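Me: Please take a close look at a single part of this model, and set out carefully how that part is put together. I would like each term given with its cut-offs, in one connected answer.

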Amino acid sequence: MSEVTRSLLQRWGASFRRGADFDSWGQLVEAIDEYQILARHLQKEAQAQHNNSEFTEEQKKTIGKIATCLELRSAALQSTQSQEEFKLEDLKKLEPILKNILTYNKEFPFDVQPVPLRRILAPGEEEHLEFEEDEEEGGAGAGSPDSFPARVPGTLLPRLPSEPGMTLLTIRIEKIGLKDAGQCIDPYITVSVKDLNGIDLTPVQDTPVASRKEDTYVHFNVDIELQKHVEKLTKGAAIFFEFKHYKPKKRFTSTKCFAFMEMDEIKPGPIVIELYKKPTDFKRKKLQLLTKKPLYLHLHQTLHKE
């Protein structure tokens, strides 16, 4: 075993233990973060094409399956349903397999398959890529099934503790209207709160993959808990919603459009907001509507005040 591989296995092992420790202590947000970061590293190694890898194709497949199990455990921690959960005691069975991956030759203990690596581009990065189809007018090829697999677990955070005199906001993302809704693969929405300079004011959250498609709508029906009391948001702040979907031809996750809500729009009840063309303009300087058609992001706001 080379020193590089030894160091790699040690880092993986340390990350695995950190995630499991957070998990057993009930620090779910930290556990989810650790699991998802490690899963991404394992997926990259499982699909690496370089010749200097010490891992055989069979070992890479096992590494990919461990990544899948990490994602399953991460999804279980965010699920309100108890059925079919991937438990912590199940996950712990994988630690010795990961540690001894170079000598492991038994059957994998769980019936899972490696998940394809999905490249998520940094803001602005996809502008430098050559597009094969026009985002607004063109389709994404063959339509995907009417229900989406829960492959992207999301990174939703729990509601903050209440404070006397302070207001917390829950935004329910109900649905988004898109004329090619049926062709969007594994769509989800990234929610962030930015100041006028585009600086994050709260942690960024991703919804799970959409629950279903119907006509010209992608349905989410998921609650986002704003990670700051409304009174503590700076003047001019805005809440952004970036609609993202997977492009199989390019093998990356792309932003299709975005919407935002300003502070004077925070009020109880339903609200529909307009969709804008990418790239996401966090400073709100050069906004272009996605389409002239009446298609919007549908939200419902609930304010909690003690």
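Reply: Contacts in the protein chain, meaning heavy atoms within 4.5 Å, come to 72% from residues 24 or more positions apart when those with a separation of 6 or more are considered. This is a predicted model, in which local features need pLDDT of at least 70 and side-chain atom pairs count only at pLDDT 80 or more, while totals for chains, interfaces and linings use all residues. Residues are numbered from 1 along each chain as its sequence is written, and side-chain values use heavy atoms, with hydrogens and water left out.

The protein chain has five helices and 11 strands, taken as DSSP runs numbered from the N terminus (helices are H or I with at least four residues, strands are E with at least two). Of its 306 residues, 47% count as buried, that is, under 20% relative accessible area, with exposed set at over 50% and partly exposed in between, using a 1.4 Å probe and protein chains only.

The part to look at closely is the sheet that contains β2. Five strands form this open sheet in the order β5-β6-β2-β11-β9, with antiparallel pairing, where two strands pair if DSSP finds at least two bridges between them. Because β5 (212-214) and β9 (269-274) stand at the edges with a single partner strand each, one side of each is left without a neighbour in the sheet. From one strand to the next, the twist averages 30 degrees, with axes taken as lines fitted to C-alpha atoms and angles running from 0 to 180 degrees between N-to-C directions. As background, strands of a sheet pair through backbone hydrogen bonds, either parallel or antiparallel.

Strand β2 covers residues 167-177 and pairs with β11, residues 296-305, in the antiparallel sense over nine bridges. Within this pairing, Leu169 has Leu303 of β11 as its bridge partner, and Thr167 is matched with Lys305 of that strand. On turning to β6 (residues 217-225), one finds that seven bridges join β2 to this strand, again in antiparallel fashion, and that Lys175 is partnered there by His219. Eight of the 11 residues of β2 are buried, so this strand is largely enclosed by the rest of the structure. In the strand order, then, β2 lies between β6 and β11, and it is joined to β6 by seven bridges and to β11 by nine.
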